[in-house]
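Subject: Structure handover

Hi,

Here is the structure I promised to pass on. My notes follow it.

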Amino acid sequence: MRYRLTFVAGLALGYVLGTRAGRERYEQLKNSARQVAENPAVRNTAESAAQQGRAFAGKAYHVVSEKVGDHVHMPDSVAARVRSLRERNTNGSGTDDWGTSNSHGR
């Protein structure tokens, strides 16, 4: 019985110390991630990548739609979404669905 009680006490002590150390490390990682995300260079790079992705997706859509033509019927909801994205790209609105701007700010 004494060994079992010692084992349980050691297990509880290890759990408490482990969770405290784990929480501190979690907070360190969270703060580091926040600093990286708030870095202007990282934000500009992410916005540029998002814009390039939208441009490539638009080009791919045009190529596919020209090749396929009327052979495949696109659901109305998808067609409406594509039209709205095209209009937004041509009108140059401020932000997209992810909160990034459509301008480089350079």
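Helices here are DSSP runs of H or I with at least four residues, and strands are runs of E with at least two. On that basis the chain has 3 helices and 0 strands. Read along the sequence, the pattern is α-α-α.

Please note that this is a predicted model. The average pLDDT of the chain is 77. A score of at least 70 is reached by 79% of the residues. Confidence is highest in helix α2 (residues 40-68), with a mean of 86. It is lowest in helix α3 (residues 76-91), where the mean is 76.

Burial and surface

The chain has 106 residues, and 9% of them count as buried. About 9,000 Å² is exposed, and carbon and sulfur atoms supply 60% of that area. Take the contacts between residues at least 6 apart in sequence: 51% of these join residues at least 24 apart.

R54

R54 sits in helix α2. Is R54 buried or exposed? R54 counts as buried, because its relative accessibility is 19% and the cut-off for buried is under 20%. There is also a pairing across the sequence to look at. R54 and L85 are 31 residues apart along the chain, yet their C-alpha atoms are separated by 9.1 Å.

Nonpolar patch

F7, V8 and L11 form a nonpolar patch on the surface. Together they have about 320 Å² of accessible area. L11 belongs to helix α1 (residues 2-38). L11 has a relative accessible area of 54%, so it passes the 50% mark for exposed.

Salt bridge

How many salt bridges does the structure hold? The count is 1. The partners are K30 and E27, with their closest N and O atoms 3.6 Å apart. That falls within the 4 Å limit for a salt bridge. Side chains of opposite charge can pair when their charged atoms come close. Where do K30 and E27 lie relative to each other? Both are in helix α1, and they are 3 residues apart, so about one helical turn separates them. K30 is partly exposed, with a relative accessible area of 32%. E27 also counts as partly exposed, at 24% relative accessibility. Partly exposed means between the 20% and 50% cut-offs, so K30 at 32% and E27 at 24% both qualify.

Over to you.

Best wishes

Methods: Residues numbered from 1 in each chain as written. Predicted model: local features only at pLDDT ≥ 70, side-chain atom pairs only at ≥ 80, totals over all residues. Heavy atoms only, no water. Patch = residues over 30% accessible without salt bridge, like charges linked within 9 Å, V, L, I, M, F, W, Y side chains within 5 Å. Areas by Shrake-Rupley, 256 points an atom, 1.4 Å probe, with all protein chains shown as cover. Salt bridge = Lys/Arg side-chain N within 4 Å of Asp/Glu carboxyl O. Buried < 20%, exposed > 50% of the residue type's maximum accessible area, 1.4 Å probe, protein only. Contact = heavy atoms within 4.5 Å. pLDDT = per-residue confidence, 0-100.
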